[in-house]
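Open your viewer and get ready to select residues as you read. Each stop says what to pick and what is there.

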Amino acid sequence: MSNDGARPEGHQVRWEYLTAPILSHVSQQILNNFGADGWELVQVVPGPNADSLVGYFKREARP
């Protein structure tokens with residue numbers, strides 16, 4: 001398998017996770033802000049009330 005130069009051969013990727021509320025009336029702005037910080041949305045589940053969701057995010061851990 002070739003190494004594309006992004007990571008040293010045999011390097012294990014470490015992830016960090018974030019759980020955050022996503023308010024439905026500003027969801028696009030919230031998701032874009034997290035994306036700009038390198039977070040990838042993994043899953044969305046219903047929140048504690050009808051106006052909110054809970055987003056689960058991950059990104060590669062920074063050294």
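The tour starts with the whole chain and then moves to single residues.

**Stop 1: the whole chain.** Keep in mind that this is a predicted model. Colour the chain by secondary structure. One helix and three strands should appear. Walk along from the N terminus, and the order is β-α-β-β. Now show the surface. The accessible surface of the chain is about 5,100 Å². Carbon and sulfur atoms hold 51% of that surface. How much of the chain is buried? Of its 63 residues, 16% are buried. Contacts also reach along the sequence. Take the contacts with a separation of 6 or more: 48% of them join residues 24 or more positions apart.

**Stop 2: the core.** Select Ala20, Ile22, Ile30, Phe34, Trp39 and Phe57. These six residues form the largest nonpolar core. Which elements give two or more residues to this core? They are β1, residues 15-23, and α1. Stay with Ala20 for a moment. Beyond its neighbours within four places in sequence, Ala20 is in contact with Phe34 and Phe57. The other contacts of Ala20 on that list are Leu53, Val54 and Gly55.

**Stop 3: two rings.** Keep Phe34 and Phe57 selected and show their side chains. The structure holds one aromatic pair, and these two rings make it. How is such a pair described? A pair of aromatic rings is described by the distance of the centres and the angle of the planes. Here the centres are 4.6 Å apart and the planes are at 40°, so the pair is tilted. Phe34 belongs to helix α1, residues 27-36, while Phe57 belongs to strand β3, residues 52-60. The pair therefore ties together parts that are 23 residues apart in sequence. Are these residues buried or exposed? Both Phe34 and Phe57 are buried.

**Stop 4: a charge and a ring.** Select Lys58 and Trp15. The charged end of Lys58 sits over the ring of Trp15. The distance to the ring centre is 4.1 Å.

**Stop 5: a strand residue.** Select Gln43, which is in strand β2, residues 40-46. Gln43 has a relative accessible area of 46%, so it counts as partly exposed. Set aside its neighbours within four places in sequence, and Gln43 is in contact with Val54, Gly55 and Tyr56. Last, add Thr19 and draw a line between the C-alpha atoms. Gln43 and Thr19 are 9.7 Å apart in space, C-alpha to C-alpha, and 24 residues apart in sequence.

Terms used. Residues are numbered from 1 along each chain as its sequence is written. This is a predicted model: local features need pLDDT of at least 70, side-chain atom pairs count only at pLDDT 80 or more; totals for chains, interfaces and linings use all residues. Side-chain values use heavy atoms; hydrogens and water are left out. Helices (H or I, at least four residues) and strands (E, at least two) are DSSP runs, numbered from the N terminus. Buried means under 20% relative accessible area, exposed over 50%, partly exposed in between (1.4 Å probe, protein chains only). Contact means heavy atoms within 4.5 Å. Accessible areas come from the Shrake-Rupley method with a 1.4 Å probe; for residues, only the protein chains shown count as cover. Rings of Phe, Tyr and Trp (its six-membered ring) pair if their centres lie within 6.5 Å; planes under 30 degrees apart count as stacked, over 60 as edge-to-face and the rest as tilted. A charge sits over a ring if NZ of Lys or CZ of Arg is within 6 Å of the ring centre and within 35 degrees of the ring normal. A nonpolar core is a set of buried Ala, Val, Leu, Ile, Met, Phe, Trp, Tyr and Cys residues joined through side-chain atoms within 4.5 Å.
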